[in-house]
Amino acid sequence: MDAIEQGSKLGAPELAQATMSDVYLALRRGVRDFRRSPVFGLIFAGVYVAVGWLMWAITAMTGQTYWLVLAVISFPLVGSFAAVGLYETSRRLEFGLAMDWHRIFGAVKGQGSRQLPWLSAVVVIIFLFWFFIAHMIFALFMGLSTMTNVSTSYDVYLTSNGLTMLAVGTAVGAVFALLIFAITVVGLPMVVDRDVDFVTAMISSFEVVTQAPVPMLTWAGIVAVLTFVAMLPGFLGLFIVLPILGHATWHLYRILIENA
């Protein structure tokens, strides 16, 4: 059995205030871990990308956009458990433990009975609430417009109501995205690393973001830009970006503990 057991520590740890140097150091360590153990990163990223391909293919074949709702539900769940594998890989590299397939995948499986599913459920609820608000925003600005297929008639978005809807929708969506980032950026690795309830982990994560908004929002921007760029070539860039960001998120959490 490993000398350092996963999840053996009790309660939320003391966390230092994040700095810009912490963000860049975490990113460098994320790149280092991916280079040291690329196979695990490619496997866990591959699961995530495969779900995206599947949902896109089903949506394209059926023409039914409600499959996107299933994607919204599945991505936080799949992504959270994929992140566990990346965190465990970084943990084992950090402490010089053997890169044992059984233990790494066992760590992912073991999270199913802990706090991770609850935190994932909160993220799903926030996503679904955003879907509801987005539909209300569309109805508010476009409800009285002439019926048209908005998926093919893009000029509807160039009207005054369409542009206003896009602006309001983007602003509201950014708020929801920021909320999810704030409760998970530290909360997700914390529930994986320690025996702590998901509510405490979310609060601790939110406090880290509010106490150091500039470096943490910089990290959020880096994640958003890299993910967006990686998705452009058929999601293929995610095979590299997701492992790096997963490893880096773990290291950012660990750096905040070390500096406390």
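Modeller: The expected span of a helix is 1.5 Å times one less than its number of residues, and with that yardstick we can read the helices of this predicted model.

Biologist: How many residues does helix α1 have, and what distance does it reach from its first C-alpha to its last?

Modeller: Helix α1, which covers residues 20–36, has 17 residues and reaches 25 Å between those two atoms, close to the 24 Å expected at 1.5 Å a residue.

Biologist: Which residues of α1 are buried, and how should I read their arrangement around the axis?

Modeller: A residue is called buried when its relative accessible area is under 20% and exposed when that value is over 50%. In α1, the buried residues are D22, V23, A26, G30, D33 and F34. Seen down the axis of α1, these buried residues fall within an arc of 105°, so they line one face of the helix. On the other side of α1, R28 and R35 are exposed.

Biologist: D33 is in that buried list; which side chain does D33 meet in a salt bridge?

Modeller: The general idea is that side chains of opposite charge can pair when their charged atoms come close. Here, the side chain of D33 meets that of R32 in a salt bridge, at 3.4 Å from N to O. D33 counts as buried because its relative accessibility is 0%, whereas R32, at 35%, counts as partly exposed.

Biologist: How many salt bridges does the structure hold, and which residues do salt bridges with shared partners join into one network?

Modeller: The structure holds five salt bridges, and among them is one between the side chains of R91 and E88, at 2.9 Å from N to O. Because R91 and E88 are three residues apart in helix α3 (residues 67–94), they are separated by about one helical turn, and both of them are buried. The side chain of E88 also meets that of R92 in a salt bridge, at 3.1 Å from N to O; E88 and R92 both lie in helix α3, four residues apart, which is about one turn of the helix, and R92 is buried, as E88 is. Salt bridges that share partners thus join E88, R91 and R92 into one network.

Biologist: Turning to the surface, which residues form a nonpolar patch there?

Modeller: The patch is formed by V225, F228, V229 and L232, which together have about 420 Å² of accessible area. One of these residues, V225, lies in helix α9, residues 213–231, and V225 counts as exposed because its relative accessibility is 52%.

Key:
Residues are numbered from 1 along each chain as its sequence is written. This is a predicted model: local features need pLDDT of at least 70, side-chain atom pairs count only at pLDDT 80 or more; totals for chains, interfaces and linings use all residues. Side-chain values use heavy atoms; hydrogens and water are left out. Patches are made of residues with over 30% relative accessible area and no salt bridge: like charges are joined within 9 Å, nonpolar side chains (Val, Leu, Ile, Met, Phe, Trp, Tyr) within 5 Å. Accessible areas come from the Shrake-Rupley method with a 1.4 Å probe; for residues, only the protein chains shown count as cover. A salt bridge is a side-chain nitrogen of Lys or Arg within 4 Å of a carboxyl oxygen of Asp or Glu. Buried means under 20% relative accessible area, exposed over 50%, partly exposed in between (1.4 Å probe, protein chains only). The arc is that of the directions from the helix axis to the C-beta atoms.
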